[in-house]
Amino acid sequence: MTTLPTEYFDRMYAADDDPWGFRSRWYEERKYAVTLAALPRRRYRSGFEPGCSIGVLTAALADRCDTLLSTDVAEAAVTRARANAPGARVEVRRLPDEWPDETFDLIVLSEVGYYLDRAALERLVDATIAGLEPGGDLVLVHWLHPVADYPIDGDTVHAAFSGRPELARTVVHEEADFRLEVYARVPPAARSVAAREGLC
């Protein structure tokens, strides 16, 4: 299967202004709480959130970042995200081809990687690593159940990042439904939260 086209997402938002139930499902609310709790730092200078959808997680990330760039391929999603997360800069971009020409100390890839085919995923991995500052944190969160429409699955997305020598995993959380991992960009060597605060 090939990367899902923009029209796929346009149809989803035309049918429902919250097609994945980000505002209504306890599953999503809890997953976002786990994601935010897994962030190794209290605050970040510059964050990037591709695939922000309607901006529910975006609003929470904006509270943890001095600046936050969030993007989505669907115009309707971007319009809603701007309203839901006024603290973020929200733009229409199709990734990985329209990756921003900036660097970040936080990148959050939440439920986006499996919309890409394998070739596009490899470009996404390269762009993510290039855009993540040394010592910065990369957060990956993906649904683990199969979805017929998606070109690849969550396990494939995480495996594409796990073998890269530029990244050191610092957090892993896995449930029956989703996997969450945090990677630090090296060098400098990845350190635990306690090490960053001089506790060990």
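A salt bridge here is a side-chain nitrogen of Lys or Arg within 4 Å of a carboxyl oxygen of Asp or Glu. By that rule, this predicted model has 18 salt bridges. Let's look at a few of them, then at two charged residues worth a visit of their own.

**The overall build**

First, the frame that holds these pairs. The chain has seven helices and seven strands. Starting at the N terminus, the order is α-α-β-α-β-α-β-β-α-β-α-β-β-α. The radius of gyration is 16 Å, close to the 16 Å that the globule rule gives for 200 residues, so the chain is as compact as a globular protein of that length. Along the principal axes, the C-alpha trace spans about 50 × 35 × 35 Å.

Of the 200 residues, 53% count as buried. If you take the contacts with a separation of 6 or more, 65% of them are between residues 24 or more positions apart. The accessible surface comes to about 9,300 Å², and carbon and sulfur atoms hold 52% of that.

**Some of the salt bridges**

Here are three of the pairs, with the distance between the closest N and O atoms.

| Pair | N to O distance |
|---|---|
| Lys31 and Glu111 | 2.7 Å |
| Glu91 and Arg93 | 2.8 Å |
| Arg164 and Glu166 | 3.1 Å |

Take the pair Lys31 and Glu111, which form a salt bridge. Lys31 sits in helix H2 (residues 26-38) and Glu111 in the loop between strand S4 (104-110) and helix H5 (118-131), so this pair ties together parts that are 80 residues apart in sequence. Are the two partners buried or exposed? Lys31 counts as buried, at 1% relative accessibility, and Glu111 counts as buried too, at 11%.

Glu91 and Arg93 fall on either side of the 20% cut-off for "buried". Glu91 has a relative accessible area of 19% and is buried, while Arg93, at 21%, is partly exposed. These two also belong to a network of salt bridges that links Arg89, Glu91, Arg93 and Glu102.

**Arg185, without a salt bridge**

Now for a charged residue that has no such partner. Arg185 is found in strand S7 (residues 178-185). What is the nearest side chain of opposite charge to Arg185, and how far away is it? That is Glu166, 5.9 Å away, and Arg185 is buried yet has no salt bridge. The 4 Å limit is why that distance doesn't count as one. Glu166 forms a salt bridge with Arg164 and is partly exposed, with a relative accessible area of 22%.

What the side chain of Arg185 does reach is the backbone oxygen of Ile129, at 3.1 Å. Leaving out residues up to four places away in sequence, Arg185 touches Ile129, Leu132, Glu133, Pro134, Gly135, Gly136, Glu166 and Leu167.

**Asp18, facing backbone nitrogens**

Asp18 is in the loop between helix H1 (6-15) and H2, and is buried with a relative accessible area of 7%. Which backbone nitrogens does its side chain meet? A polar atom of the Asp18 side chain lies 2.9 Å from the backbone nitrogen of Phe22, and the side chain also reaches the backbone nitrogen of Arg23 at 2.9 Å.

Beyond its neighbours within four places in sequence, Asp18 is in contact with Arg23, Ser24 and Ile54. Farther along the chain, Ala77 is 59 residues from Asp18, yet their C-alpha atoms are separated by 8.7 Å.

Note on methods:
Residues are numbered from 1 along each chain as its sequence is written. This is a predicted model: local features need pLDDT of at least 70, side-chain atom pairs count only at pLDDT 80 or more; totals for chains, interfaces and linings use all residues. Side-chain values use heavy atoms; hydrogens and water are left out. Helices (H or I, at least four residues) and strands (E, at least two) are DSSP runs, numbered from the N terminus. Buried means under 20% relative accessible area, exposed over 50%, partly exposed in between (1.4 Å probe, protein chains only). Lys and Arg count as positive and Asp and Glu as negative; His and the chain ends are not counted. A polar contact is a pair of N or O atoms within 3.5 Å; within protein, one must be able to donate a hydrogen and the other to accept it, and residues adjacent in sequence count only if both atoms are side-chain atoms. Contact means heavy atoms within 4.5 Å. The radius of gyration is taken over C-alpha atoms; the globule rule is 2.2 Å times the number of residues to the power 0.38. Accessible areas come from the Shrake-Rupley method with a 1.4 Å probe; for residues, only the protein chains shown count as cover.
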